[in-house]
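Grab a coffee and open the viewer. Here are a few exercises to work through, each with a solution you can follow step by step.

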Amino acid sequence: YFYAFYPADRVTGTEDGKIRGTVPTTQNVTSWNQVSENSGITWYGKTDTEENAYMWAYGHFKRSTMGEATIPLTFHPWMTVLEITIPGPASGTKTVTNVNIRAIEGTQTMIAGDFICDMTPVEEDGASGIPNYEPVGGQGTVNNTISISGYNPTTDDFITLGPNDKMVVRAYLLPIDEQNATDARNIQISVATLNGAALTRTLGYSAAGANSIQPHKVNRVTLPRLVDTGTNYWMSSLDKDIYLSELSIPGSKFSYL
């Protein structure tokens, strides 16, 4: 019986025959590919797949029938990918400093961090089996957030978008394989801009169905245009479905009175 996990150096060990690994909460772009499209520039962020793009392979073979032949191992994508497109503002320019992906509520809010992966379902069910995992983390561990910086190391500055420009980044999330996990996690994407309000969009619950976030696949999401408003107009930039508990409302020394 043969098992394989990619990338091998991201596997931090085994535990009771299970694979132990980690998905980073910071998934910054290693380089930006600048492409001229539709009278504007599209910035494609290249993420380090050797840190984030987990894949698995499994096979069982009999030496008596194979002899000395090479053992084939077909790798399958394990992570769930969000490809996020951020269009520029309708007028002027906006500088993107950070993109945050959060699981704000649900039964499975872990989208990053340490995990233990069990290959038993694959061994038992063959081609229809998918490795399952369980989260690992102590009190105070942050594993419901993934952060992607808009910093461009080539220019030593953050990406600035105009009306015809776009930014495309990818986030690698731990998957959900339950068919009826209608309340597994509520995904929210927040785009932080320089000297401006954070622009937030809630995708809704990850539910089984054609319109849900599909596990082990690239899910493409296009956000609304960036709004050219300052921090004094932060309320107009909020998602209409935002929860009161998600707001960070400034106060004063005697505001409790």
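**Exercise 1.** Does R170 count as buried, partly exposed or exposed, and at what relative accessibility?

*Solution.* Keep in mind that this is a predicted model. Buried means under 20% relative accessible area and exposed means over 50%, with partly exposed in between. R170 comes out at 27% relative accessibility, so this arginine counts as partly exposed.

**Exercise 2.** Find the salt bridges of E83 and work out which parts of the chain they join.

*Solution.*
- Step 1: start with the principle. Side chains of opposite charge can pair when their charged atoms come close.
- Step 2: look at R170. Its side chain meets that of E83 in a salt bridge, at 2.9 Å from N to O. E83 sits in strand β8 (residues 80-87) and R170 in strand β15 (residues 166-173), so this pair links distant parts of the chain, 87 residues apart.
- Step 3: now try R220. E83 and R220 also meet in a salt bridge through their side chains, with 3.1 Å from N to O. Because E83 lies in β8 and R220 in strand β18 (residues 218-222), the pair ties together parts that are 137 residues apart in sequence.
- Step 4: put the pieces together. E83, R170 and R220 are linked in a network of salt bridges.
- Step 5: check the surroundings. E83 has a relative accessible area of 13%, so it is buried, whereas R220 counts as exposed at 62% relative accessibility.

**Exercise 3.** Which residue forms a salt bridge with K18, and how far apart are the closest N and O atoms?

*Solution.*
- Step 1: the partner is E134, and the closest N and O atoms are 3.5 Å apart.
- Step 2: locate both ends. K18 belongs to strand β3 (residues 18-23) and E134 to strand β11 (residues 132-136); the pair links distant parts of the chain, 116 residues apart.
- Step 3: compare with the cut-offs. K18, at 25% relative accessibility, counts as partly exposed, and E134, at 38%, counts as partly exposed too.
- Step 4: check the tally. The count for the model comes to 3 salt bridges.

**Exercise 4.** Trace the pairing partners of strand β14.

*Solution.*
- Step 1: begin with strand β9 (residues 94-103). This strand pairs with β14 (residues 157-161) in the antiparallel sense over 3 bridges. T95 has T160 in β14 as its bridge partner.
- Step 2: move to strand β13 (residues 151-152), which pairs with β14 in the antiparallel sense over 2 bridges. Here Y151 stands opposite F158 in β14.
- Step 3: inspect the turn. β13 and β14 form a hairpin with 4 residues between them, and D156 in that turn has a positive phi of about 55°.

**Exercise 5.** Which residues form a nonpolar patch on the surface, and where is I71 found?

*Solution.*
- Step 1: the patch is made of F2, F61, I71, L73 and F75, with about 370 Å² of accessible area together.
- Step 2: I71 is found in the loop between α2 (63-66) and β7 (76-77). Its relative accessible area is 33%, so I71 is partly exposed.

**Exercise 6.** Zoom out and describe the whole chain.

*Solution.*
- Step 1: the secondary structure comes to 3 helices and 18 strands.
- Step 2: of the 257 residues, 41% are buried.
- Step 3: among contacts between residues at least 6 apart in sequence, 73% join residues at least 24 apart.
- Step 4: the accessible surface comes to about 14400 Å², and 49% of that belongs to carbon and sulfur atoms.

Methods. Residues are numbered from 1 along each chain as its sequence is written. This is a predicted model: local features need pLDDT of at least 70, side-chain atom pairs count only at pLDDT 80 or more; totals for chains, interfaces and linings use all residues. Side-chain values use heavy atoms; hydrogens and water are left out. Two strands pair if DSSP finds at least two bridges between them. Patches are made of residues with over 30% relative accessible area and no salt bridge: like charges are joined within 9 Å, nonpolar side chains (Val, Leu, Ile, Met, Phe, Trp, Tyr) within 5 Å. Accessible areas come from the Shrake-Rupley method with a 1.4 Å probe; for residues, only the protein chains shown count as cover. A salt bridge is a side-chain nitrogen of Lys or Arg within 4 Å of a carboxyl oxygen of Asp or Glu. Buried means under 20% relative accessible area, exposed over 50%, partly exposed in between (1.4 Å probe, protein chains only). Contact means heavy atoms within 4.5 Å.
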